[in-house]
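Me: I should like to learn how nonpolar cores and helix packing are read from a model. Could we work through the case at hand?

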Amino acid sequence: MEKRRLIMKKTNRLVAFVTTVITIFSCFFYFPMSTFASAEVTPSGVDISKIETIVDDIMEGKIGVTVPGAAVSIVKEGKLIFSKGYGVANIKEDIPVDPASTVFEIGSVSKIFTWTAVMQLVEEGKIDLHTDIREYIGHERLNLVYDKPITILDLMNHTAGFEENASEMLTFDKEKIIPLEKWVSAKHQPKQIYEPGTVIAYSNFGTDIAGYIVEVKSGERFEEYVKKHIFDPLHMQRSTAYANYYHLPGFAENKSKGYGSASKGFELLPENFLNEAPAGAITSTAEDMAKFMIAHMDYEGALENSLFNSPQTLKEMHTDSLSVTAGMPSNAHGFWMRQENGVRLLEHGGNTTNFSAFLSLVPEENFGVSVLTNVAGESGGVRTEIVDKLSAQFSHQATVTVPNFHTQNLSGTYYSGRMIHSNFLSSLYLVSGDSIVVKDMGNGEIEVRPSIDPNRETLHFAEVAPLVFERMDSNPSILERSGGSLAFLSFELDENGQVDKVRTGNIRDYLKMPLNKNIQINQIAFVFCTLIFITGSIAALVSVILLRKRKKQGTSLYIPAYIQTNLLPVIGLLSLINMIVTILRFMSAMSSPIGDFRIHLIINAVLSIGMIIATIPILRSFRDKGVSRRRKIWNAILVAAICTFILLMIQYRFLLFWTI
């Protein structure tokens with residue numbers, strides 16, 4: 001009996017144990033994973049069960065205020081853990097954003113797909129990152145100024161030396177998209193203004209060259225290559241690199257409308273199509289972007305269809321390809337790399353004329369965030385606040401740590417290497433430009449302000465290494481709010497010990513601005529000329545009226561030379577109006593070739609000759625004793641205005657009609 005009782009006791013214990021195990025396993029099978037999510041956190045330490053609440057709170061203050069609609073996807077450990085749409089994809093029809101089906105333009109995030117394609121061909125031995133690009137595209141295709149070759153790595157690092165380009169980037173007629181083979185040519189190439197490898201100047205055209213090389217070496221059209229080797233293997237069925245997607249089922253009808261900020265809400269912007277597919281023409285959904293992020297962190301090759309044959313290629317792509325100095329943002333084979341609070345982030349932002357996007361990976365923790373919005377130039381923090389909360393907070397509280405801070409005077413104005421220099425569009429930077437004004441405090445600290453509006457924001461930096469400065473505050477600048485980074489500045493000197501450039505790490509260098517390009521000085525000069533021309537034109541009109549009145553009265557006329565030159569400010573005003581019309585025409589017809597505006601430059605040249613001829617008699621008037629002192633002072637001011645204006649037209653390329 002005792003033996004039986006012992007057996008029954010053991011049996012009961014076994015049954016209890018089995019029951020407990022079954023109960024535990026049942027919990028995993030029948031209760032949602034969020035019940036046990038407390039064991040998993042984001043890189044910033046947030047419990048993943050709280051992700052939706054955090055993103056909802058951020059979006060609550062943004063939707064309908066800074067953006068009409070947005071879609072967010074978040075991945076971790078190879079899985080999509082969050083996706084949600086916010087706001088509307090179409091304001092008029094009140095169509096909500098769906099993270100699975102709403103298609104957005106992702107802008108320059110497209111570049112990561114291009115660099116991925118390049119690395120696939122590197123892995124196959126068809127491309128070498130250090131080879132002269134002319135070995136792939138031919139020596140006659142581009143008009144390059146420098147003998148030093150451009151390598152594919154230069155294209156990745158944005159150090160090929162091209163100036164910015166704005167003409168013909170897009171078209172409003174989908175039937176007039178320029179094929180990549182024709183786009184990558186001397187006809188459309190922006191001028192090469194820097195020696196390769198010397199200046200970081202973010203370049204769309206450089207990425208277009210890389211995309212064309214993918215075409216040449218794969219034997220497939222770029223759009224089809226990306227579909228076959230990236231989209232299809234990852235089952236990204238609602239993504240395409242075709243700028244004209246109307247032949248693809250489900251794209252046009254599911255694509256969000258694009259909007260711009262207006263005084264009251266948002267305005268619908270006209271649909272357009274980029275000629276630069278590799279640089280920014282991809283359209284996608286939030287959940288498709290999640291698949292791409294997962295594939296870009298598949299370091300073990302666990303996916304059924306990986307991006308690369310070897311995980312080592314992926315690891316190589318995520319390493320620095322251009323690093324200014326340790327700790328600063330860098331370029332990782334096309335990714336923007338930065339570190340915040342010990343967390344390494346690989347990112348890229350994107351903007352088209354109608355949309356904004358952002359992709360951010362934390363590869364060491366297999367965590368990624370994608371944010372797609374349907375508003376142009378989003379800088380309200382929609383794209384970055386989520387990353388700040390879940391991945392790594394933008395946090396800088398630097399103090400001067402060098403034992404002996406710099407002795408050079410770093411004060412001055414520095415302009416972005418990413419600018420237009422060779423044609424009249426360089427004048428756009430007078431009203432909207434990317435330049436900084438640096439004030440050296442003399443104690444190892446500097447103040448930095450955007451030169452176009454010095455009162456908008458002041459950033460404070462402390463010297464943390466020789467001529468390397470880090471932010472002293474954690475208030476994101478407009479660049480951080482737009483997905484970039486201005487957390488560090490590194491000053492490089494020339495052979496004479498003068499500042500040659502200021503480096504930010506991965507998107508742009510700033511170059512010392514010469515006096516003749518100083519934005520504030522040139523703005524004042526333009527205002528001065530405008531006031532003189534308007535005043536002089538009014539005076540000329542009054543003179544004509546008075547002369548006609550005297551003629552009717554039969555009064556004898558004596559017209560000294562200085563009265564004849566009343567035509568001078570009128571010619572100046574006509575030339576100024578012609579300049580304004582040129583810019584306005586371009587802004588309303590950005591799809592037009594730059595050569596279409598040559599007639600305006602010819603008119604300016606003719607008017608300039610007229611101004612010079614009209615100046616001759618006014619110079620003679622200085623010897624005329626019959627001319628009053630007051631009139632001579634006015635004449636001197638008028639001549640100064642004309643000379644200044646002609647110099648400004650030369651400076652901003654409004655006379656060089658033969659160069660476009």
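Reply: The model is predicted. Let us begin with one residue: Phe292 touches Ile112, Phe113, Thr116, Ile230, Leu234, Met236, Leu307 and Leu359, leaving aside residues up to four places away in sequence.

Me: Which residues of the largest nonpolar core touch the most other members?

Reply: A nonpolar core is a set of buried residues joined through side-chain atoms within 4.5 Å. Here the largest one holds 78 residues, and Phe113, Ile133, Ile209 and Phe292 have the most contacts with other members. Another core, of 44 residues, lies apart from it and includes Phe424, Leu511, Ala525 and Ile571.

Me: How is the packing of helix 7 and helix 8 to be described?

Reply: Angles of 65 to 115 degrees count as roughly perpendicular. Helix 7 (residues 204–218) packs against helix 8 (residues 222–231) at about 75°, their axes being 9 Å apart; the two are therefore roughly perpendicular. Gly211, Val214, Glu215 and Ser218 of helix 7 make the contact with Phe222, Glu223 and Tyr225 of helix 8. By class, these residues are three nonpolar, two polar and two charged.

Me: At what angle do the axes of helix 14 and helix 16 cross?

Reply: For helix 14 (residues 519–552) and helix 16 (residues 567–588), the crossing is at roughly 130°, and the axes come within 8 Å. Helix 14 is therefore oblique to helix 16, and the crossing is left-handed. Among the residues that meet are Phe526, Phe533 and Ala540 in helix 14 and Pro569, Leu573 and Met579 in helix 16. This contact comprises ten nonpolar, four polar and no charged residues.

Methods
Residues are numbered from 1 along each chain as its sequence is written. This is a predicted model: local features need pLDDT of at least 70, side-chain atom pairs count only at pLDDT 80 or more; totals for chains, interfaces and linings use all residues. Side-chain values use heavy atoms; hydrogens and water are left out. Axes are lines fitted to C-alpha atoms, for helices over the stretch in contact, and angles run from 0 to 180 degrees between N-to-C directions. Helices (H or I, at least four residues) and strands (E, at least two) are DSSP runs, numbered from the N terminus. Angles under 35 degrees count as roughly parallel, over 145 as roughly antiparallel, 65 to 115 as roughly perpendicular and the rest as oblique. Contact means heavy atoms within 4.5 Å. Ala, Val, Leu, Ile, Met, Phe, Trp, Tyr, Cys and Pro count as nonpolar, Asp, Glu, Lys and Arg as charged, and the others, Gly among them, as polar. Buried means under 20% relative accessible area, exposed over 50%, partly exposed in between (1.4 Å probe, protein chains only). A crossing is left-handed if the near helix is turned anticlockwise from the far one by less than a right angle, and right-handed if clockwise.
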